[in-house]
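Work through the exercises below with the sequence and the structure open. Each task is followed by a solution in steps.

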Amino acid sequence: TKLEEKLIELGYERALFVEHSFKKKTFIDNIIIFVLNEDENSIKEYKVMVLSINKQQDIDDLQQAFNQLLQDLEVLKEYEC
């Protein structure tokens with residue numbers, strides 16, 4: 001689908017751990033995940049996963065990942081059906 005193609009263009013890859021999902025590792029150990037609906041033409045959910053927070057830099061990196069998610073989400077909106 002066009003949405004899948006745009007996710008790949010933005011640097012995401014298929015995630016094996018959740019059906020219909022794409023992931024992108026960014027900002028150290030933060031992972032941005034988009035889960036698509038079964039038809040893969042719209043986004044069901046999205047989130048940033050972080051493995052651990054031990055210092056202020058981890059929080060700063062998480063904020064950067066969240067900001068990247070918001071930017072990607074804005075781009076992807078026009079590709080949803």
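**Exercise 1. Strand register**

Which residue in β3 does Ser-21 stand opposite?

*Solution.* The model is a predicted one, and the register is read from it as follows.

1. Ser-21 faces Val-35 in β3.
2. Strand β2 covers residues 21-26, and its pairing with β3 is antiparallel, over six bridges.
3. Thr-26 stands opposite Asn-30 in β3.
4. The hairpin of β2 and β3 has three residues between the strands, and Phe-27 has a positive phi near 50 degrees there.

**Exercise 2. The whole sheet**

State the order of the strands in the sheet and find its edges.

*Solution.*

1. Four strands make an open sheet in the order β1-β2-β3-β4, and the pairing is antiparallel.
2. The edge strands are β1 (13-14) and β4 (43-49), each of which pairs on one side only.
3. Between β1 and β2 there are two bridges, again in the antiparallel sense.
4. Arg-14 has Phe-22 in β2 as its bridge partner.
5. The hairpin of β1 and β2 has six residues between the strands, and His-20 in the turn shows a positive phi of about 60 degrees.

**Exercise 3. Helices on the sheet**

Determine which strands each helix meets and how the helix directions relate to β3.

*Solution.*

1. Helix α1 lies across β1, β2, β3 and β4, and runs at about 170 degrees to β3.
2. Helix α2 also packs on the sheet, where it touches β2, β3 and β4. The direction of α2 makes about 30 degrees with that of β3.

**Exercise 4. The nonpolar core**

List the residues of the largest nonpolar core and name the elements that supply at least two of them.

*Solution.*

1. The largest nonpolar core consists of 11 residues: Leu-3, Leu-7, Tyr-12, Phe-22, Ile-32, Phe-34, Leu-36, Ile-43, Leu-69, Leu-73 and Leu-76.
2. At least two core residues come from each of α1 (2-9), β3 (30-36) and α2 (56-76).
3. Take Leu-36 as an example. Leaving aside residues up to four places away in sequence, Leu-36 touches Leu-3, Glu-4, Leu-7, His-20, Phe-22, Ser-42, Ile-43 and Lys-44.
4. As a general point, nonpolar side chains in soluble globular proteins tend to be buried together.

**Exercise 5. Salt bridges and exposure**

Describe the salt bridges of Glu-9, Arg-14 and Lys-47, and classify the partners as buried, partly exposed or exposed.

*Solution.*

1. The count comes to nine salt bridges.
2. Glu-9 pairs with Lys-6, with the closest N and O atoms 2.7 Å apart. Both residues belong to helix α1 and are three residues apart, about one turn of the helix.
3. Glu-9 counts as exposed because its relative accessibility is 59%, over the 50% cut-off. Lys-6 counts as buried because its value is 11%, under the 20% cut-off.
4. Arg-14 and Glu-40 form a salt bridge at 2.8 Å, N to O. This pair links distant parts of the chain: Arg-14 is in strand β1 and Glu-40 in the loop between β3 and β4, 26 residues apart.
5. Arg-14 is partly exposed at 37% relative accessibility, whereas Glu-40 is buried at 11%.
6. Lys-47 and Glu-45 form a salt bridge with their closest N and O atoms 3.6 Å apart. Lys-47 is partly exposed at 38%, and Glu-45 is partly exposed at 34%.
7. Through shared partners, salt bridges join Glu-4, Arg-14 and Glu-40 into one network.

Terms used. Residues numbered from 1 in each chain as written. Predicted model: local features only at pLDDT ≥ 70, side-chain atom pairs only at ≥ 80, totals over all residues. Heavy atoms only, no water. Core = buried A, V, L, I, M, F, W, Y, C linked by side-chain atoms within 4.5 Å. Buried < 20%, exposed > 50% of the residue type's maximum accessible area, 1.4 Å probe, protein only. Contact = heavy atoms within 4.5 Å. Pairing = 2+ DSSP bridges. Axes fitted to C-alpha atoms, helices over the stretch in contact; angles between N-to-C directions. Salt bridge = Lys/Arg side-chain N within 4 Å of Asp/Glu carboxyl O.
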